[in-house]
Amino acid sequence: MMVVSLAVLLLLTCGPWDSEATSVQHTVQKRETVCYGNLGCFNNDPPFRSLYRPLSFLPQSPDVVKPKFNLRTRTTPPKGVLLRAGDPNAPGMAHFQHSRPTKFVVHGFIDSIHLGNWMQDMASQFLAQGDYNVVLVEWLFGSFDLYGQATANTRVVGAMIAELIDYLQNTTGARPEDMHIVGHSLGAHIAGYAGERLRYLGRITGLDPAEPYFQNMDIVVRLDPSDALFVDIMHTDGAAFYSMKTGLGMSQACGHVDYYVNGGHDQPGCAKSPVYHILENGLIEGVREAVACSHLRSYHLFTESINSACPFESFRCDSEEEFYKGNCIPCEGDGCGFMGMLADRVQPESRTPVKYYLKTGDRAPFCRYHYKVSLTFGTIQYDHQERGKLYVKINGSRDTTVDMELNEDYEYIKQGNTYTYIVTSSADLGQVHDVTFHWEHNSHILDPGSWNPLGLRHPTLYLDRVKVTSRQKSSAVTFCANGVRVETGDELKITTVC
């Protein structure tokens, strides 16, 4: 992505109120078609011009956009060698083998293989995992432009990827079914443009597909499930672009399976100060992270997933709200998903898009194992409630114990009610052996009933039972406390299974 705000770029360079932009718009409307040899012709008629893309540019020529296709295999130099459609003498042709699966990696707006390490890191992870052809697609000259022009240039880059795949198929026997395009931001839509020109492209992975000029557009304009045999999407920055949060990625489902990471927006760890990002990541990458951390998180997550022992378990769910209520855990059969590299293990039979939800950590390694914890508090003779935070310490069969904060904010806990939370662990706990509960009282200035003057009162909860469920239904275990009294600050270890 970019190192300056996409919002500012759009408002200052693409708004119809800007005189220069208006002049460009008039020029665009007069010339509605351009043709570029074997790539065919491109126009800016509807659906490329609509309410969601009022200023529609034509793509620039391949000589301006200048895409490069850098091939890495286990036998090439670390920086790779070039492939070119129609050129049997291109250095990459000696290294490309049709019997290997092929991975294409495509960057987005104001990005380059030289601006950061993520593309090379992803290629290295692919090659550590398997014997692949990995093609890094750089379109620096087409992406460093006004955002509106860059969106148009994606069409030419997609057409040139399709042209290269056709050439490899015709000259080496490589199969499109064995091709997988991984695209970030605008690169995700580039993958869609390539796929619509090919028959039987195997897979497209869209890493937080760009929202501006694509959300709610016709499927001809944006990435959609018809562009490959399998299309999986990762959403990490899907807050509405024209809002205070300025999300850069689509929230709209656009694949066979769509993974909404931490709800699909506002990734944990991204609210850190710019100084922290720079100290943690260096100047260039730190500035990028400070501006677009949630948007960039998608390629970090995918890269980690390639060789992760943790499977990025995900849960089929209709909405973020239902997921956080715990209504989608456990999962059985096709209710379970695996985000990232393993997403193609679960392909829905229905043509209806399927949504998955999951939580991740705030730093690498990001993958987490999920647990649903339900606490029921015993009924007593009067209407009793306390305000505070709840904690459980879960001990599993794999000699791992994890202390979990259940509620991020203080809340009222009322006797007789059940409260459910989704919590995560960086380790797989295995079968749960026992649970230790404790809680922390907190008063509210506007609620005298919650006060504890001079520590004279003893805030107390009466815990009846705790149920812990992981990914599979068979893992659910309920521990009985039988309404035992637990004062704030005390710990209660429960080993009795109901």
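**Figure 1. The second largest pocket and the helix that lines it.** Helix H9 provides the largest share of this pocket's lining, with 9 residues. Like every view here, this close-up shows a predicted model. The pocket has a volume of about 470 Å³. Its lining counts 23 residues, and those nearest the centre are Asn-281, Glu-285, Glu-289, His-300 and Phe-366. Besides H9, look for H4 and helix H8 (274-281), since each of these three helices supplies at least two lining residues. Sorted by class, the lining of the second largest pocket holds 7 nonpolar, 7 polar and 9 charged residues.

**Figure 2. Helix H4 packed against helix H9.** H9 returns here as a packing partner: H4 (residues 118-129) and H9 (residues 283-306) meet at an angle of about 10°, and their axes are 9 Å apart. The two helices are therefore roughly parallel to each other. On the H4 side, the contact is made by Trp-118, Asp-121, Met-122, Gln-125, Phe-126 and Gln-129. H9 answers with Arg-288, Tyr-299, Phe-302, Thr-303 and Ile-306. The classes in this contact are 6 nonpolar, 3 polar and 2 charged residues.

**Figure 3. The sheet of 11 strands and two helices that touch it.** This open sheet follows the order S4-S3-S6-S5-S7-S8-S9-S10-S13-S11-S12, with mixed pairing. Strand S4 (81-83) and strand S12 (336-338) form the edges, each pairing on one side only. On average, neighbouring strands are turned by 25° against each other, direction ignored. For a parallel pair, zoom in on strand S9 (residues 230-235) and strand S10 (residues 257-261), which are joined by 4 bridges. Within that pair, His-235 has Tyr-260 of S10 as its bridge partner. Helix H6 (residues 147-172) packs on the sheet and touches strand S3 (68-72), S4, strand S5 (102-106), strand S6 (133-138) and strand S7 (179-184). The direction of H6 makes about 165° with that of S5. H9 lies across S7, strand S8 (203-207), S9 and S10, and runs at about 145° to S7.

**Figure 4. The sheet of 4 strands.** Here the order is S18-S14-S20-S21, in an open sheet with antiparallel pairing. S18 and strand S21 (477-487) are the edge strands, each with a pairing on one side only. From one strand to the next, the twist averages 25°. Inside the sheet, strand S14 (residues 369-377) and strand S20 (residues 460-469) run antiparallel and are joined by 6 bridges. One pair to pick out is Lys-372 with its bridge partner Thr-469 in S20.

**Figure 5. The largest pocket, with edge strand S18 in its lining.** This pocket has a volume of about 570 Å³. Of its 22 lining residues, Lys-359, Glu-405, Leu-406, Glu-408 and Ile-422 are the closest to the centre. Two elements give two or more residues to the lining: strand S16 (401-405) and strand S18 (418-425). S18 gives the most, with 5 residues. The lining of the largest pocket divides into 8 nonpolar, 6 polar and 8 charged residues.

**Figure 6. The second largest cavity.** The model has 2 cavities of 30 Å³ or more. The second largest of them, shown here, has a volume of about 30 Å³. Its lining consists of Tyr-371, Gly-430, Gln-431, Val-432, Val-468, Thr-469, Ser-470 and Ser-475. Thr-469 thus appears in this lining and also as the bridge partner of Lys-372. By class, the cavity lining has 3 nonpolar and 5 polar residues, and no charged ones.

Key: Residues are numbered from 1 along each chain as its sequence is written. This is a predicted model: local features need pLDDT of at least 70, side-chain atom pairs count only at pLDDT 80 or more; totals for chains, interfaces and linings use all residues. Side-chain values use heavy atoms; hydrogens and water are left out. On a 1 Å grid over the protein atoms alone, a cavity is a set of points where a 1.4 Å probe fits but cannot get out, and a pocket is an open set with protein on both sides within 12 Å along at least five of seven lines; lining residues have an atom within 4 Å of a point. Grid points are joined across faces, edges and corners, and a volume is the space filled by probe spheres set on the points. Ala, Val, Leu, Ile, Met, Phe, Trp, Tyr, Cys and Pro count as nonpolar, Asp, Glu, Lys and Arg as charged, and the others, Gly among them, as polar. Axes are lines fitted to C-alpha atoms, for helices over the stretch in contact, and angles run from 0 to 180 degrees between N-to-C directions. Angles under 35 degrees count as roughly parallel, over 145 as roughly antiparallel, 65 to 115 as roughly perpendicular and the rest as oblique. Contact means heavy atoms within 4.5 Å. Two strands pair if DSSP finds at least two bridges between them.
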